Amino acid sequence: MMIWVDADACPAAVKSILFRAADRTQVTVTLVANQTIPIPPSPYIRSMRVQKGFDVADNEIVARFAPGDLVVTGDIPLAAEVLRKGGQALSPRGEAFSADTIGARLNMRDFLDTLRASGIQSGGPGALKPKDIQAFANALDKFLARR
């Protein structure tokens, strides 16, 4: 079992939690991004740089993860693809995506995209708060305890 991270937009606090968890549990964490992501020295932490471009990192994660792996992402379409292929997905805010809820999340995302395309500003997610970081740490611990 591995943890894959959609790292281009992953907050530093979440990466820090993942780094500590990798060393503590000896689970490999691979950060995938279109830029160089600094990582601490560890046999359990890897960084993979991909070409710049729309969804290049997402496509690399989908091509490489195995059923049962965890993917950390805030990208709803990526989370949906991961779930379809037998993986598990967790947002940097600690939300575990599931087959029961991903359809509604995709519909809401598409609706907000349509609003933005028509000129209505819907805003993005708020800043990451300490309670979000704690929710992520708790959800990650639950996932790692089940493995």
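Is R24 buried or exposed? In this predicted model, R24 is exposed, with a relative accessible area of 52%; its salt bridge is the subject of the third view below.

**View 1. Strand β2 and its buried residues.** Strand β2 spans residues 28-33, and 6 of its 6 residues are buried. T28, T30 and V32 point to one side of the strand, while V29, L31 and A33 point to the other. In a regular strand, side chains alternate between the two faces of the sheet. T28, a residue of β2, has a relative accessible area of 15% and is therefore classed as buried, the cut-off being under 20%. Leaving aside residues up to four places away in sequence, T28 is in contact with M2, I3, Y44 and R46.

**View 2. Strand pairing on β2.** Strand β1 (residues 2-6) pairs with β2 in the parallel sense, over 5 bridges. Within this pairing, M2 has T28 of β2 as its bridge partner. Strand β3 (residues 45-49) also runs parallel to β2, and 5 bridges join these two strands. Here V32 is found opposite M48 of β3. Helix α1 (residues 12-25) forms a right-handed β-α-β unit together with β1 and β2.

**View 3. The salt bridge between D141 and R24.** The structure contains 4 salt bridges. In one of them, the side chains of D141 and R24 meet at an N to O distance of 3.0 Å. Because D141 belongs to helix α5 (residues 130-146) and R24 to helix α1, the pair ties together parts that are 117 residues apart in sequence. D141 is partly exposed, at a relative accessible area of 39%, whereas R24 is exposed, at 52%.

**View 4. The salt bridge between R93 and D132.** R93 and D132 form a salt bridge in which the closest N and O atoms are 2.9 Å apart. This pair links distant parts of the chain, 39 residues apart: R93 lies in the loop between β5 (88-90) and β6 (96-97), and D132 lies in helix α5. R93 is partly exposed, with a relative accessible area of 30%, but D132 counts as buried at 12% relative accessibility.

**View 5. The salt bridge between E81 and R84.** E81 and R84 form a salt bridge, with 2.9 Å between the closest N and O atoms. Both residues lie in helix α3 (residues 76-84), 3 residues apart, which is about one turn of the helix. E81 is partly exposed, its relative accessible area being 26%, and R84 counts as exposed at 60% relative accessibility.

Note on methods: Residues are numbered from 1 along each chain as its sequence is written. This is a predicted model: local features need pLDDT of at least 70, side-chain atom pairs count only at pLDDT 80 or more; totals for chains, interfaces and linings use all residues. Side-chain values use heavy atoms; hydrogens and water are left out. Buried means under 20% relative accessible area, exposed over 50%, partly exposed in between (1.4 Å probe, protein chains only). Helices (H or I, at least four residues) and strands (E, at least two) are DSSP runs, numbered from the N terminus. Two strands pair if DSSP finds at least two bridges between them. A crossover is right-handed if, with the strands pointing away from the viewer, the path from the first strand over the helix to the second runs clockwise. Contact means heavy atoms within 4.5 Å.
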